[in-house]
Amino acid sequence: MALAVSAIILTAPNAAAEPVDFGKGSDKKETGGSSATGIYAAARIQYSGSVAKGGGAGNVTSSDVNWTPPPCWYAPYLGAKDFKKEMSKHIDSQLKAPGMGGTAGAAIGETQRHYEDGYGWGDTPGYKDYNVENDGKGMFWAGVENPDEPDYLKRSSCTDLPFWVENGDAPPPQYEEAISPEILAALAYQHMELPDTKVTLAPEATTKVNLPTWAWLDKAVFDEVQATAALNVPGFNLQATTTARPVSLKLEPGTKDAVTYPASGECAINADKSIGEPYTKGKADETPPCGIRYLRSSGDGTYKLRATITWDINWTGTGGAGGDLPNGTFGNEQAVTVQEIQAVNR
């Protein structure tokens, strides 16, 4: 059956997505349809909360270089009658295609037998007349590509033929990539948009050589972020919410000629969920709990101070499922001018 699988490509193309903006985030749906290359699964995953506008990938970078979002998955596609209409039309067009003979033609014929005459193999049962006698009692599931996965081979690796799942039942265990709360949580992670928070500095923008520069973030602009991914079809409703909580701020001065406070450059979160301590008059000679001291002038240019926030990320989903995801990071740069202290000789 490998040839039959490869002859019918099942995907959900990025071109079919219809992003709709909702202020802070967006609602992205992969819709069903068909083309010359195959049949598209109707994923209909909706994203809400703090997610990227336009339905694309967010700005979170995983701290685990080996972790990646799912490149593809299996999701509900069509009821039996609608599936028969689409699949039989596709099979007929393939059989009538010029040059469709020999091994390729035989593979398509096996696929036709699988859905019309009950031909099955191993743990994959066949169907009689596309299972139309059970229309309304379940759905055929098919492969869906993750449109934000850059690797085509990974993106198109869910190539099993569409399979039937009764309403309320879990997909057969051999389909490990079947959509689940955990997969939805990973997709919410991929689409999450963390706040582009600029740290407050004192002195602001322009400082002096060997003068401690205080850095801090207030609780009001530094709080937890949530993104939700949901799939709702007849007889099968799932959702997962991924939550990111800030845990630390890392300062990178943009030059080796600098000292960070603390020495690691990692500023821990305070009990009130703020980071660092605001500068107040009279503290110029004190060491900041979070900050930088530049040792050399930036000359006619600036140093690029990079502030990166680390977020602890976990998820909860339908049925009480939940767990941890790799920490995420997001940072930005701020231009800092460092000047020499001018001495006056008398």
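**Strands, a buried helix and a pocket in a predicted model**

Six bridges, written 6 in the count, join β8 to strand β9 (residues 138–145), and the two strands run antiparallel. The model described here is predicted. Two residue pairs can be named in this part of the sheet. Pro76 stands opposite Trp141 in β9. Leu78 has Phe140 of β9 as its bridge partner.

On its other side, β9 is joined to β10 by 4 bridges, and these strands also run antiparallel. Here the bridge partner of Gly138 is Glu166 in β10. Together, the 3 strands form an open sheet in the order β8-β9-β10, with antiparallel pairing. The edge strands are β8 (72–78) and β10 (163–166), each of which pairs on one side only. Neighbouring strands of the sheet are turned against each other by 45 degrees on average, direction ignored. In general, strands of a sheet pair through backbone hydrogen bonds, and the pairing is either parallel or antiparallel.

How many of the residues of β9 are buried? The count is 8 of the 8, so β9 is largely enclosed by the rest of the structure. A residue counts as buried when its relative accessible area is under 20%.

The whole protein gives the setting for this sheet. The protein has 5 helices and 21 strands. Of its 346 residues, 47% count as buried. Contacts were also sorted by separation along the chain. Among contacts with a separation of 6 or more, 73% are between residues 24 or more positions apart.

Helix α5 is another enclosed element. It spans residues 181–191, and 10 of these 11 residues are buried, so the helix is largely enclosed by the rest of the structure. The buried residues include Pro181, Ile183, Leu184 and Ala185. Ala186, Leu187 and Ala188 are also among them. Tyr189, Gln190 and His191 are buried too. An α-helix has 3.6 residues a turn, so residues three or four places apart point the same way.

Two of these helix residues also take part in a pocket. Tyr189 and Gln190 help to line the second largest pocket. About 150 Å³ of space lies in this pocket. Its lining also includes Ala57, Gly58, Val60, Thr61 and Ser62. Asp64, Trp67, Thr68 and Pro69 belong to the lining as well. The elements that give two or more residues to this lining are β7 (61–62) and α5. What is the chemical make-up of the lining of the second largest pocket, by nonpolar, polar and charged residues? It divides into 5 nonpolar, 5 polar and 1 charged.

Several loop residues were examined next. Thr124 lies in the loop between α3 (102–116) and β9. Is Thr124 buried or exposed? Its relative accessible area is 13%, so Thr124 is buried. Leaving aside neighbours within four places in sequence, Thr124 is in contact with His114, Gln174 and Tyr175.

Gly254 sits in the loop between β15 (236–252) and β16 (258–261). Not counting residues up to four places away in sequence, Gly254 touches Tyr303 and Lys304. A further pair involves Glu333. The C-alpha atoms of Gly254 and Glu333 are separated by 9.1 Å, and these residues are 79 residues apart along the chain.

Cis peptide bonds occur before two loop prolines. One joins Ala202 and Pro203, with omega about 0 degrees. Pro203 is in the loop between β11 (200–202) and β12 (206–208). Another joins Tyr261 and Pro262, with omega about -5 degrees. Pro262 is in the loop between β16 and β17 (266–268).

Positive phi values were found in two residues other than glycine. Asn210 has phi near 70 degrees. Its place is the loop between β12 and β13 (213–217). Asn210 counts as partly exposed, at 44% relative accessibility. Lys273 has a positive phi of about 75 degrees. Lys273 lies in the loop between β17 and β18 (275–276). With a relative accessible area of 42%, Lys273 is partly exposed.

Terms used:
Residues numbered from 1 in each chain as written. Predicted model: local features only at pLDDT ≥ 70, side-chain atom pairs only at ≥ 80, totals over all residues. Heavy atoms only, no water. Buried < 20%, exposed > 50% of the residue type's maximum accessible area, 1.4 Å probe, protein only. Pairing = 2+ DSSP bridges. Axes fitted to C-alpha atoms, helices over the stretch in contact; angles between N-to-C directions. 1 Å grid on protein atoms, 1.4 Å probe; cavity = no way out; pocket = protein on both sides within 12 Å on 5 of 7 lines; lining within 4 Å. Points joined across faces, edges and corners; volume = space filled by probe spheres on them. Nonpolar A, V, L, I, M, F, W, Y, C, P; charged D, E, K, R; others polar. Contact = heavy atoms within 4.5 Å.
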